[in-house]
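Here are a couple of exercises to work through with the model open. Try each one yourself before reading the solution.

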Amino acid sequence: MLYTNIAQLATSAPGPQRGAAMRELTVIPDAALLVRGGQVAWAGRRQDAPSWADECDLGGVAVVPALTDPHTHAVWAGDRLADFEARAQGVAYETILARGGGIRSTMRATAAATVDELVALARPRLAALTRSGAATVEVKSGYGLDFAAELRMLEAVGVLARDVPATLVPTLLIHVPPPEGRAGYVREVCEGLIPEVTRRGLASAVDVFCEREAFSVEETRAILTAARAHGLGIKLHADQFHALGGTELACELGALSVDHLEASGEAQVRALAASGTVATVLPGVSLHLGLPAAPARSLVDAGACVAVGTDLNPGSAPLSSAALALALAVRLCGLTPAEALTAGTVNAAAALGLRDRGALARGQRADFLALEDRDWRGLVYTLGGSPVRQVYRGGQPLGGEGL
Ligand code: NIG
Ligand code: FE
């Protein structure tokens, strides 16, 4: 299919982009896009397009690559409305967690839900993310109170992956130690849970929450080392409240990404810039919890590869728009619109170990967005509007039931 009448086609180069290269977009006015076998076959000026029997007029709007949301906790049960109200009255997120609420209350509700219930609760959240432009979405476990509940969460992601319109990438998240104590827990994760998840093919990566109220750097090292030994990718929640050394550890171990980074300082920025690990920032958390924004500007200036995610979850970021996450990264983290587009496309895909998507270049997946605007910057300009007119995945328009 030859897509024509594209007022502007904007794309980053394929593969992860770091530092100043994050700003280097190709912007083609009056463009056309040729899709064959679900892949981009050609992109350029309309006047230079090969002649093609099947043409589709996109109505004079801008086209950009579809987004990847590299960090979500989209499967959960229950709600956190009481926490939200308590925080509005000045109680800190970490205090609520230390008292057994917060993440632990979501764990209790999630552990009590069946796989079918979890699937039904997550489906509309994933549909919202897709409508906002995300054709690929990472989904973490992490609200299982015990291993059986953790496996049910990953089974729910597996069921959803078969019938939601986006490509889902499942991650096993080792979130907080069990309430009865941590003795033996890390060993059981390494020797029981990770081997079982690997054997059943339930996750492609393992993530750990490295924080005072969760896992220490040494516990994190043990878990990530076991994950790597099983051939899984590794990721980390680090520096959300305190820079404990998790970022440096993840860079040393060759993690795909380190996510959060709100409390990162110069040492962590330097470590990320010197590594192949993607720095994933989550501006929805800064907005919702009132945390300082992650130093994305310093990270790009230092030469790091920066991605942006929603962190969709009930406690720290009830944000189900990948486009709005990029818009917030411009406002709160100091990214330029071009850097934000790169952060939400090729770099977000790289945070999941994917290099076949995120750019409109020959051989890449034909996952793209027709925007409402004639100018690609409309994607990150609007706050609360819906900048995406149509999502295409593998060259096909998504729509119908579930979207
Ligand atoms: O990425 N900080 C740790 N985990 C999640 C929040 C989960 C929750 O509050 O339910 C996050 O922010
Ligand atoms: Fe998270």
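The exercises below deal with a strand and a metal site in this predicted model.

**Exercise 1.** Work out how strand 8 (residues 205–209) is enclosed, and which strands pair with it.

*Solution.*
1. Start with burial, taking under 20% relative accessible area as the cut-off. On one side sit Ala-205, Asp-207 and Phe-209, and on the other Val-206 and Val-208; all are buried, leaving both faces covered. That split fits the general rule that in a regular strand the side chains alternate between the two faces of the sheet.
2. With 5 of the 5 residues buried, strand 8 is therefore largely enclosed by the rest of the structure.
3. Now the neighbours. Strand 7 (residues 167–174) runs parallel to strand 8, joined by 4 bridges, while strand 9 (residues 233–238) pairs with strand 8 in the parallel sense over 5 bridges.
4. Check Asp-207: Leu-173 stands opposite it, and its bridge partner in strand 9 is Lys-235.
5. Finally, trace the connections. Helix 6 (residues 185–199) makes a right-handed β-α-β unit with strands 7 and 8, and helix 7 (residues 217–229) makes a right-handed one with strands 8 and 9.

**Exercise 2.** Which residues coordinate the iron ion (ligand 2), and how are they spaced in sequence?

*Solution.*
1. List the donors: His-71, His-73 and His-237 each use NE2, and Asp-311 uses OD, at 2.0 to 2.4 Å.
2. Their spacing reads H-x1-H-x163-H-x73-D.
3. Place the last pair: His-237 is in strand 9 and Asp-311 in the loop between strand 12 (306–308) and helix 12 (322–333), so together they tie parts 74 residues apart in sequence.
4. His-237 and Asp-311 are both buried.

Conventions
Residues are numbered from 1 along each chain as its sequence is written. Chains are lettered from A and ligands numbered from 1 in the order in which they are written. This is a predicted model: local features need pLDDT of at least 70, side-chain atom pairs count only at pLDDT 80 or more; totals for chains, interfaces and linings use all residues. Side-chain values use heavy atoms; hydrogens and water are left out. Buried means under 20% relative accessible area, exposed over 50%, partly exposed in between (1.4 Å probe, protein chains only). Helices (H or I, at least four residues) and strands (E, at least two) are DSSP runs, numbered from the N terminus. Two strands pair if DSSP finds at least two bridges between them. A crossover is right-handed if, with the strands pointing away from the viewer, the path from the first strand over the helix to the second runs clockwise. Donors are N, O and S atoms within 2.8 Å of the metal (3.2 Å for Na, K and Ca); water is not among the atoms, so sites may look incomplete.
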